[in-house]
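Please look through the sequence and the structure shown here before reading on. The paragraphs that come after them are meant to be read with the structure in view.

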Amino acid sequence: MSGISKAFRGVQALKGVDFTVRAGEIHALMGENGAGKSTLIKVLTGVHPRDCGEVLLAGQSVSPQAPREAEELGISTVYQEINLIPELSVAENIMLGRQPRRFGFIDWKELHARARRALQRLEIDLNLHLSVSSCSLALQQMVAIARALDVNAKLLILDEPTSSLDEHEVAELFKVMRRLREQGLGLVFVTHFMDQVYAVSDRITVLRNGELVGEFKTAELPKLQLVGKMLGRELSAVEKVGDTMTLSADENTTRDPFLAAKQLGRKGGVEPLDLEIRKGEVVGLAGLLGSGRTETARLLFGADRRTSGSITLDGRAAALSSPAKAIGAGIAFCSEDRKSEGIVPSLSVRENIILAMQAGRGILRLLPRRKQEELAAHYINALRIKTPSPETPIQNLSGGNQQKVLLARWLCLQPKLIILDEPTRGIDVGAKAEIEKLVDSLRREGMAILFISSELEEVVRASQRVLVLRDRKKVGELSGEQINEDRIMEMIASHE
Amino acid sequence: MKQIFTRKNLPILATTFVLVLLFGTFSVLFDNFLSLRVVTDLFASNAHVGVVAIGMTFVILSGGIDLSVGSVVGFTTIFVATLVGKHEMHPALAILLALLVGSAFGAGMGIFIQVYQLPPFLVTLAGMFFARGMAFVVSKQSLEINHRFYSAVIDAGIPLTDKVILRAPACIFVAVFVVALVLAHFSRFGRNVYAVGGNAASSLLMGVPVGRTRIWIYTLSGFCAALGGVVFTFRTQAGNATNAFGLELDAIAAVVIGGTLLSGGVGYVAGTLMGVLIYGTILTGIRFYGNLDSSWQRMAIGALLLVFIVIQRLLTRAPAREHSH
């Protein structure tokens, strides 16, 4: 096998991307959300047909039309969400669809022998009769890899294989990956964990907005440059942006925190970190996709159960073990996925605003209609929500205004802390500025705010303090004047 | 290495336990209960339910359901009776035709389910009404079957001892069971059924021909239903459009009591056999007891069913929590 090269041009998701994997190397494919990583993989494995371009496998032009065809050609994929049949045995999962047969009947002895050989190649000892559902996620992944390899794979694609593994399991996976590399396999490693890329890969290809940024030897590409390439901005080009809002930072640090989390973490989610938010303060969470920003917020809100650490609110210990309790304690969470977790599209603006408040009262104590209208009118005015009337279905509003309605919904609960996860995603520039203004005025009113955004500029502008996360770890904290994009990028890139 | 007492095997172990317990209790209570004759009778008199339930096992294993089987049984009885009685067709040919019609009917439903991605519950509900209608179109009156072939079949059987003969319906039931056992555990089709029921989306990505498998499953169920109808005519020597009303529910109950998860992916053909036998044992026991009507059997089945679905819920919920990420 001499290697694969592929190129296509004129696709909306991928614009003329070249990608080359050589036999016996681990090639990391990197990029932020929407960079085109998954599209590239899907074209390669025949899930999506390509518009133009060419795939060469060992010098031969190939064009698989379905995952199965790709597998037969020697291109195997292990997806992030492990695709196995939970109730079937390990051996069957490895051999499903290509069971050896004798006289038309499945030859179970031979099947187990082959499955064992496939696992031996990974040097893994596992009871073949166990049902997959009783194995850990890491082992399930190994089974999936063993299955992929059984088809004489030349190229193995691992799509976010480490996202649900703990540190030890990741190390095990890397061992297996290196072993396969020695056996002459080409491996594509799709991930957004930078440390892992540097730990295991030989080369890195970076995509951004469907375009190829470049292919680099891992050893020759400093982390900082990689971050720059992924985010699409060179360090020198980063402008110093407004520091008008950071002036009040000093006075804040003297105040007692409203919320203090110590060693807050979740196994397989976020590594233990400390976090404090004061009243009248915006704390930003900065980091790349998958760095643990949303996960941290969910832990605070009780949406995920923390496995370590404690939280105090106003100096008192708080359990915050469920969203309901968090809401009761005065915490609101504006989730990142507006469409599926936030708005109820067919209800009116008024109904969407009072939703959380009504839920808190129970269905028997209906909020008086007049009171509802007052509240709706108040927030439509205060947040400058552009809507023909409070009775307009929210689906008719623009994204920015929908976001404001969501904000209003939480504000009428009069929370002491509001968590804003990507409040500006998918809305236009003008609306973004308004949301930012709003955040600032809420802060001035004394609310504590946790602000999450993938746009560094925004975090820098809005926050008095910024926690920088990388690979689900807190890697640093900046406050006041220290906050600028360069520093954040350096922290994201740096080794400790 | 292979473990028997796993979480996955628990339902079928429970089934075995219930069957042994029931049979044991009745054997202690009644003289003559523990005899080969009772066992062969159990097979013979429940053969039609058994054959239908075995077909249903594959459907439920794949995560589906087939509500049409009772109607197909009813249709088959009147279809065969009419062909033999009114059109003087040889019964063997009539039976062959009936099996073809049943299979085609099942295949048709399978195609609808697969091609239009419709819920099996609704498609087979439509099939249930349609097949029952077809039965009444064939003939509204009950029709006797008088033919040498039928007398011959009814007299036939495998003598087990001097006095006990395994009758034709029981033989068919056992044969279907053996074939189904091999199909489920030693054919790719069978393993694909488990895979589709376990996780259809993953199966597709793992290269399992999900669509083809689904269509074959309903074809198989249709075939088994028609065969169940044929077995029914051996017992009654007549056809009637109203035969086997609600049989689909008996079959589903037998499959579920047999330890197959209604959510698909887990279960055994052997479990279904035991489910059918439990079903029959209760009725036989009640008969031995005196002339109690079958309402007691219904209640016992209802209670058992409830117990089994609760067991299944407890078993399936626990691992789901472990893996939620």
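What follows turns to a sheet in chain A and then to the contact between chains A and B.

The model is predicted, and a convenient place to begin is an open sheet of chain A, in which six strands with mixed pairing follow one another in the order β6-β9-β10-β3-β11-β12. At its edges lie β6 (75-78) and β12 (211-217) of chain A, each of which pairs on one side only. If direction is ignored, neighbouring strands of this sheet are turned by 20° against each other on average.

Within the sheet, strand β9 (residues 155-159) of chain A runs parallel to strand β10 (residues 186-190) of chain A, and the two are joined by five bridges. A:D159 takes part in this arrangement, with A:V190 in β10(A) as its bridge partner. Helix α5 (residues 137-149) of chain A packs on the sheet, where it touches both β6 and β9 of chain A, and the direction of this helix makes about 170° with that of β6(A).

From the sheet, the reader can move to the place where the two chains meet, at which 20 residues of chain A are in contact with 22 residues of chain B. On the side of chain A that touches chain B, the elements that give two or more residues are α2 (67-73) and β8 (105-106) of chain A, and α2(A) gives the most, with three residues. Sorted by class, this side of chain A has eight nonpolar and eight polar residues, together with four charged ones.

How values were computed:
Residues are numbered from 1 along each chain as its sequence is written. Chains are lettered from A and ligands numbered from 1 in the order in which they are written. This is a predicted model: local features need pLDDT of at least 70, side-chain atom pairs count only at pLDDT 80 or more; totals for chains, interfaces and linings use all residues. Two residues are in contact if their C-beta atoms, placed from the backbone, lie within 7 Å. Helices (H or I, at least four residues) and strands (E, at least two) are DSSP runs, numbered from the N terminus. Ala, Val, Leu, Ile, Met, Phe, Trp, Tyr, Cys and Pro count as nonpolar, Asp, Glu, Lys and Arg as charged, and the others, Gly among them, as polar. Two strands pair if DSSP finds at least two bridges between them. Axes are lines fitted to C-alpha atoms, for helices over the stretch in contact, and angles run from 0 to 180 degrees between N-to-C directions.
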